[in-house]
Amino acid sequence: MNEFTSSFWSWYIIVLTVVSLVGVAIFLASQRTRRLAPGEKAEEMSHKWDGDLVELNNPLPSWWVNLFWITLIFSAGYLVLYPGLGSFKGVLGWTSFGQYDSEMAKAREKYDPIFNQFLGQPVEQVAASAEARDMGQRLFLTYCAQCHGSDAAGATGFPNLTDKDWLYGGDAEAIKASIANGRMGVMPALGAALGTDGTKQVAHYVLSLSGSNHDAGLAAAGKPLFEANCAACHMPDGTGMAAMGAPNLTDKVWLYGGTEAAIIEAIEKGRAGNMPAQLQALGEAKVHLLAAYVWGLGGGVAMAAPQPAPAAEAAAPAAEEAPAAQ
Ligand code: HEC
Ligand code: HEC
């Protein structure tokens, strides 16, 4: 009722409701039951049907009338305690939002410790826990499967999360950042700049990068165009750049398809993949579990952090192998 600026409709409902309740009470009181004295006969109402079916003026059974009184008292009590009378909020102050919030708070109290227990562990360690993987999978099916597929294998425009091919990097931190903050891959439309012929030539050069079927003459003409227009994001060798989300064009893994037509469309119209940020909606603990789940799907890459004493470890096996080779 808050959306009305005048209180007219609120009072309209209050008056209508109270008058009806009082009216029903008065009517019930006027029909008060009077027991028949022993031997007294119920009055005949002089209505007859089918020859001998007569209507009697028996008093209403008191259990039945009392049921009416109970419903009346119940509604009066309800309208005092809960919102119902116009914009009167009820003395309990109950709201559906309040109930939702308190139920959510109760659920958080119960489930937060379960989710939080993994927050202190590195993603790689969480991914090794079967319990965490189960929780991650349930979260994935709820929040991610509609775009990435229930098996996380992706679809056109939605990356496969189970392979080692990553737009933004496949180590624990990069995956967690992708999920928490979202990603926005922007490939500008370059068709106008390149013209129809130039677009076709670059497209054939792109095809040649992954050893796909291409026209060698067109590809040779496209090479300088690629270096001038595409290398800034896809790198001069076409292997892509994780910082921009620019895909590697030298493998046969395609986000939008590896046909000549799909590549020409990417160049002409541009592409803009959007991964929505999840941190605010899900909270850090669930994002952490999801990152571990995705990392553990098979494509997870070890962090590039420097390993302790790599020289000593690398030297040891070499020394052991040396005598064996002789
Ligand atoms: C509305 C669709 C949508 C939903 C929902 C969605 N994603 Fe994505 N996600 C994408 C798109 C599109 C991309 C690629 C963005 C781009 O092209 O730059 C992506 C990219 C990613 C990446 C980076 C992949 C790479 O190769 O670097 C990860 C990791 C990821 N999503 C995980 C998730 C997880 C986990 C969830 C569930 C919490 C999720 N996504 C929900 C659409 C979605
Ligand atoms: C400003 C950076 C930028 C430039 C310049 C750029 N691209 Fe891209 N390109 C991207 C990004 C980012 C994506 C991924 C878009 C997405 O995630 O939706 C992409 C996607 C593509 C794809 C789709 C790849 C797939 O896996 O389906 C092709 C093909 C492509 N670019 C070719 C080119 C060519 C050819 C040029 C030069 C004519 C070029 N790009 C110039 C950033 C760039």
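## A walk through a two-domain chain

In this predicted model, the centres of domain 1 and domain 2 lie 29 Å apart, taken over C-alpha atoms. Where the two domains touch, 17 residues from domain 1 and twelve residues from domain 2 take part in the contact. If you want to find these domains in the sequence, domain 1 is made of two stretches, 113-182 and 276-295, while domain 2 covers 185-275.

Now let's step back to the whole chain. As you trace the backbone, you will meet 14 helices and four strands. The protein chain is more spread out than a compact globule, because its radius of gyration is 37 Å, well over the 20 Å that the globule rule gives for 326 residues. You can also picture a box around the C-alpha atoms: along the principal axes, the box is roughly 125 × 60 × 50 Å.

What about contacts along the chain? Take those in the protein chain between residues at least 6 apart in sequence: 60% of them join residues at least 24 apart.

Next, let's look at inside and outside. Of the 326 residues in the protein chain, 27% are buried. The accessible surface of the chain adds up to about 20,800 Å², and carbon and sulfur atoms account for 61% of that surface.

Finally, there is charge to consider. How many positive and negative side chains does the protein chain have? There are 20 positive and 31 negative ones, and 11 Å separate the centres of the two sets.

Methods. Residues are numbered from 1 along each chain as its sequence is written. Chains are lettered from A and ligands numbered from 1 in the order in which they are written. This is a predicted model: local features need pLDDT of at least 70, side-chain atom pairs count only at pLDDT 80 or more; totals for chains, interfaces and linings use all residues. Side-chain values use heavy atoms; hydrogens and water are left out. Helices (H or I, at least four residues) and strands (E, at least two) are DSSP runs, numbered from the N terminus. The radius of gyration is taken over C-alpha atoms; the globule rule is 2.2 Å times the number of residues to the power 0.38. Buried means under 20% relative accessible area, exposed over 50%, partly exposed in between (1.4 Å probe, protein chains only). Contact means heavy atoms within 4.5 Å. Accessible areas come from the Shrake-Rupley method with a 1.4 Å probe; for residues, only the protein chains shown count as cover. Lys and Arg count as positive and Asp and Glu as negative; His and the chain ends are not counted. The place of a charge is taken as NZ of Lys, CZ of Arg, CG of Asp or CD of Glu. Domain bounds come from an automatic or database domain assignment.
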